[in-house]
Amino acid sequence: MRVLRCRPRGAQSRTDLLAKLDRSCGPNLGRSGRAAAPRTCAVGLHQARGELKVAKSAFITGITGQDGSYLAELLLGKGYTVHGLIRRSSTFNTSRIDHLYRDPHDPEARLFLHYGDLSDGSRLVTLLNEIRPDEVYNLGAQSHVRVSFEEPTHTGDSTGIGTMRLLEAVRMTGLDCRFYQASSSEMFGASPPPQNEDTPFYPRSPYGAAKVYSYWVTKNYREAYGLFAVNGILFNHESPRRGETFVTRKITRAVARIAAGLEEHVYLGNLDAVRDWGYAPEYVEGMWRMLQADTPDDYVVATGTGASVRDFVVAAFEHAGLDWERHVRFDERYLRPTEVDALVGDASKAKALLGWQATVLPGSLAQIMVEADRAALECEGRVHIDTVQLPGWPTPGSVHG
Ligand code: NAP
Ligand code: GDD
């Protein structure tokens with residue numbers, strides 16, 4: 001099924017969004033510079049309508065990323081008020097969440113964005129103290145493995161120490177919240193598959209090592225301070241909102257462009273690496289389930305199916321009726337100093353205790369992504385956002401209820 005959803009002309013643009021952000025309830029964003037707690041703002045609006053709802057609130061770091069956008073969509077669909085941390089950027093970085101945004105003066109608005117950064121611990125304290133969310137999802141990170149070899153110190157600071165800063169902010173504000181840490185199958189690195197919660201960590205990159213640090217400090221805050229803190233050890237998960245430099249999206253975007261006659265070749269590195277690729281919307285549901293459990297614990301989330309990069313290439317090109325061998329070329333620049341050869345997860349604990357199970361496997365995932373990249377091309381420069389291909393997922397209309 002092909003779904004084409006371009007933002008209609010005249011609808012809210014990214015410029016509108018950021019301009020409105022500047023006038024929002026967020027404590028960092030008001031022109032007066034005075035703090036107006038966004039949570040108070042949201043509740044007050046409900047009260048003014050005489051319908052005080054005690055819905056849950058969530059704070060998401062990394063809300064502008066792939067997972068953050070789907071998680072925000074999921075939580076808004078469940079009636080949450082969602083607060084997201086965004087980084088100030090000289091260019092727009094909110095394209096994945098523009099479709100969820102409402103002007104904060106709108107009584108229906110339940111998404112609030114706040115400038116901040118995981119490198120700025122005092123800002124995290126101030127924000128959490130004002131928002132006082134029920135759930136905190138730490139998805140923010142320098143998340144690219146290859147880039148972590150080029151920027152190891154920055155990766156350690158954002159992907160590793162950033163978690164400690166956020167945990168400390170929770171502790172210092174005395175927040176009674178549940179905390180989700182975006183841990184990664186990259187922590188298993190050289191440990192052979194299938195990997196589960198008991199598999200030893202053997203990271204093979206600065207990114208993997210930083211995630212191991214975050215994993216352990218999250219576990220330590222659970223044990224030391226009784227915080228409801230969990231690690232979701234997620235295997236690779238992809239979608240039409242995946243960053244364009246991760247291999248699946250690089251491939252499906254290239255397939256769409258080659259099929260449209262815009263490009264002839266795509267340059268890739270190691271085609272033999274095996275990954276366990278799932279569909280991101282299903283994985284953010286797993287995150288949410290972890291925070292609804294009776295007790296905090298750590299869980300692997302994976303499909304249990306391994307596929308090589310080559311397998312994914314074949315599935316994507318075949319779906320568009322293209323011969324991949326005519327279009328894929330090798331470039332050693334995409335190799336890593338140390339590679340993770342194979343990640344295939346065993347998610348039986350998540351299935352048994354959370355009732356979570358993947359339904360989308362790599363072959364159909366490649367098709368969903370190719371279709372979305374072809375649809376995006378048809379938008380001709382206007383913003384395209386995919387519709388989640390899962391039964392029961394909130395529709396755009398229902399997100400704001
Ligand atoms: P992503 O698309 O790369 O998004 C990363 C997010 O982190 C973006 O919103 C980014 O903001 C933000 N960010 C980066 N540095 C930051 C900083 N210093 N302070 C605050 N925010 C910062 O990643 P994703 O695929 O959604 O993954 C979400 C999380 O899960 C990450 O922690 C990732 O490492 C982890 N994870 C991902 C997978 C996967 O397969 N996708 C698997 C396991 C674990 P900008 O938009 O401004 O850059
Ligand atoms: N990015 C990229 N680009 N990877 C390539 C390329 C290419 O041109 N050619 C081959 N690959 C191979 C990589 O060497 C790796 O073995 C595999 O494709 C997947 O690479 P990525 O898509 O960059 O993902 P990743 O597995 O390194 O990391 C992702 O998954 C982790 C979970 O296991 C990221 O999302 C991490 O943040 C996440 O923690």
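This tour moves from the confidence of the model to its sheet, then to one glycine and two helices.

**Confidence first.** Colour the chain by pLDDT before anything else, since this is a predicted model; the mean over the chain is 88, and 85% of the residues reach 70 or more. Then select residues 7-53, where the pLDDT is below 50 and where the model has 59 contacts beyond near neighbours in sequence. Residues 1-5 also stay under 50, with ten contacts beyond four places in sequence. Where pLDDT is low, the predicted coordinates should not be read in detail.

**The sheet.** Next, show the strands alone: seven of them form an open sheet with parallel pairing, and you can follow the order β3-β2-β1-β4-β5-β6-β11 across it. At the edges stand β3, residues 111-115, and β11, residues 299-301, each of which pairs on one side only. Looking along the sheet, follow the twist, which averages 20 degrees from one strand to the next.

For a view of one pairing, select β4 (residues 135-138) together with β5 (residues 178-184), which are joined in the parallel sense over four bridges. Within this pair, Glu-135 can be found opposite Arg-178 of β5.

**A glycine in β2.** Now centre on Gly-84, a residue of strand β2. Is Gly-84 buried or exposed? Gly-84 counts as buried because 28 C-beta neighbours lie inside 10 Å, and the threshold for that class is 20 or more. Beyond its neighbours within four places in sequence, the residues in contact with Gly-84 are Ile-60, Ile-63, Gly-68, Ala-72 and Leu-113. A distance drawn from the C-alpha of Gly-84 to that of Thr-61 should read 6.0 Å, although the two residues are 23 apart along the chain.

**Helix α3.** Add residues 66-77, which make up helix α3; this helix lies across β1 (57-61), β2 (81-86), β3 and β4, and runs at about 165 degrees to β2.

**Helix α9.** Finally, select residues 280-292, helix α9, which lies across β4, β5, β6 (228-234) and β11, at about 155 degrees to β6. From its first C-alpha to its last, α9 reaches 19 Å over 13 residues, close to the 18 Å expected at 1.5 Å a residue. With side chains displayed, note that α9 is mostly covered, ten of its 13 residues being buried; among them are Tyr-283, Met-287, Trp-288 and Leu-291, as well as Glu-282 and Gly-286.

Note on methods. Residues are numbered from 1 along each chain as its sequence is written. Chains are lettered from A and ligands numbered from 1 in the order in which they are written. This is a predicted model: local features need pLDDT of at least 70, side-chain atom pairs count only at pLDDT 80 or more; totals for chains, interfaces and linings use all residues. Two strands pair if DSSP finds at least two bridges between them. Helices (H or I, at least four residues) and strands (E, at least two) are DSSP runs, numbered from the N terminus. Axes are lines fitted to C-alpha atoms, for helices over the stretch in contact, and angles run from 0 to 180 degrees between N-to-C directions. Two residues are in contact if their C-beta atoms, placed from the backbone, lie within 7 Å. pLDDT is the predictor's confidence in each residue, from 0 to 100. A residue is buried if 20 or more other C-beta atoms lie within 10 Å of its own, exposed if 12 or fewer, and partly exposed in between; C-beta atoms are placed from the backbone. The expected span of a helix is 1.5 Å times one less than its number of residues.
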